[in-house]
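I opened my notebook with a plain plan: look at the overall make-up, then the strands, then the ligand. Here is what I looked up, in the order I wrote it down.

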Amino acid sequence: MRDPAGAWWPGSHQHAGHQGLSPPPPPEAKRDDELEEFDLPFFQRLALQLQVLVFSIVIRLTDLLLLLWRPRLLRPYLAIWWAEVRHTPYRARRSFEVIRALKTTGQRFRELIYGETPLMTALYVFKRAGVGPGSRLVDLGAGRGRVLIAARWLGAETRGVELIADHVTRVEAPLRAVGITLTVGDMLQTELGDATHVFTNWLALSPETKARLIERLRTCGPGTRIVTVTRPIEAEGFVRRSRHLMLFTWGIETVWVHEYQPASP
Ligand SMILES: C[S@@+](CC[C@H](N)C(=O)[O-])C[C@H]1O[C@@H](n2cnc3c(N)ncnc32)[C@H](O)[C@@H]1O
């Protein structure tokens with residue numbers, strides 16, 4: 001499901017129906033592209049699109065109003081927005097670069113589906129997770145870095161890792177100007193030993209990639225707070241501290257805060 005800007009809508013799981021006599025092909029026979037297409041009745045789709053539009057306007061206005069308290073951070077926020085206007089991140093292209101990146105990580109195209117966490121949502125959750133001066137927050141799969149602005153607001157050192165170079169190159173300079181680092185890289189290989197907080201909006205990841213990411217999260221130090229969007233970490237050693245129902249452009253979503261508590265050797 002896509003919003004008017006082309007973003008994905010979690011929770012909309014209705015696929016196009018197969019009306020003919022022949023049975024539908026098994027799921028594994030579908031291409032990634034087909035799996036991204038959903039079909040809803042016209043009025044239902046219209047209602048969803050309107051909902052997304054209203055949420056987007058409310059979120060943008062709230063983010064902008066909040067940033068009046070931190071005018072220094074308004075610039076990178078507007079730079080990310082402007083980059084979106086000029087070149088939408090919501091329509092992934094199978095460019096040579098993207099295919100090469102996927103070969104390196106062993107992921108599928110659909111795992112690159114883009115979606116952003118609103119600034120106000122990130123600010124609230126990070127505050128609840130204890131982010132503040134002295135914290136070091138890493139966003140795994142950072143997109144164009146909007147979340148990092150919230151962590152910076154709270155005084156944390158912030159770093160984002162994003163697989164798609166095109167996302168990074170469009171915004172890295174204005175982010176760097178306010179002390180935010182956004183780099184091209186594979187989050188499954190990222191060094192996490194010094195992080196106090198890790199954030200990942202991992203909704204689009206396959207179960208296999210999630211399992212690999214959880215193994216990577218095991219390289220965090222004990223006590224590291226890990227924030228995930230939509231689904232919690234279901235693995236030993238990750239203790240759920242809190243859950244929050246938060247606003248995203250596509251609706252209300254659950255955000256989970258965990259603490260990494262590995263069993264002592
Ligand atoms: C849903 S977006 C989240 C963006 C941002 N964290 C936010 O919440 O606003 C997920 C991002 O993860 C990136 N991604 C997927 N696999 C990755 C990998 N192995 N390494 C780094 N980034 C990855 C995608 O390209 C996409 O930009």
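**Entry 1: strand pairing.** Before counting, I fixed my term: I call two strands paired if DSSP finds at least two bridges between them. I also noted that I am working on a predicted model. With that settled, I looked at β2 and strand β3 (residues 180-184), and I found them running parallel, joined by five bridges. For a register mark I picked Val161, which stands opposite Thr183 in β3. I then followed the chain from β2 through helix α7 (residues 165-176) to β3, and this β-α-β crossover is right-handed.

**Entry 2: the other neighbour of β2.** Next I turned to strand β1 (residues 136-140), which pairs with β2 in the parallel sense, again over five bridges. The chain goes from β1 through α6 to β2, and I noted this β-α-β crossover as right-handed. My register mark here is Arg136, which stands opposite Glu157 in β2.

**Entry 3: burial.** How many residues of β2 are buried? I got five of the six, so β2 is largely enclosed by the rest of the structure. For α6 I got eight of eight, so this helix too is largely enclosed by the rest of the structure. I wrote out the α6 names to be safe: Arg146, Val147, Leu148, Ile149, Ala150, Ala151, Arg152 and Trp153 are buried. Just after α6, I spotted Gly155 with a positive phi of about 95 degrees.

**Entry 4: the ligand.** Which residues come nearest to the ligand? Among the 24 residues around the ligand, I listed Thr117, Gly141, Gly143, Leu163 and Asn201 as the nearest. I then asked which elements feed this shell, and I noted that α6 (146-153) and β2 (157-162) each supply at least two of its residues. So the elements from my burial entry turn up again around the ligand, with α6 largely enclosed by the rest of the structure and β2 among the suppliers of the shell. I sorted the shell by residue type as well: ten residues are nonpolar, eight polar and six charged.

**Entry 5: the whole protein.** Last, I stepped back for the totals. I counted eight helices and seven strands in the protein. Buried residues make up 35% of its 265 residues. Taking contacts with a separation of 6 or more, I found that 70% of them are between residues 24 or more positions apart.

Note on methods
Residues are numbered from 1 along each chain as its sequence is written. This is a predicted model: local features need pLDDT of at least 70, side-chain atom pairs count only at pLDDT 80 or more; totals for chains, interfaces and linings use all residues. A residue is near a molecule or strand if its C-beta atom, placed from the backbone, lies within 6 Å of it. Helices (H or I, at least four residues) and strands (E, at least two) are DSSP runs, numbered from the N terminus. Ala, Val, Leu, Ile, Met, Phe, Trp, Tyr, Cys and Pro count as nonpolar, Asp, Glu, Lys and Arg as charged, and the others, Gly among them, as polar. A residue is buried if 20 or more other C-beta atoms lie within 10 Å of its own, exposed if 12 or fewer, and partly exposed in between; C-beta atoms are placed from the backbone. A crossover is right-handed if, with the strands pointing away from the viewer, the path from the first strand over the helix to the second runs clockwise. Two residues are in contact if their C-beta atoms, placed from the backbone, lie within 7 Å.
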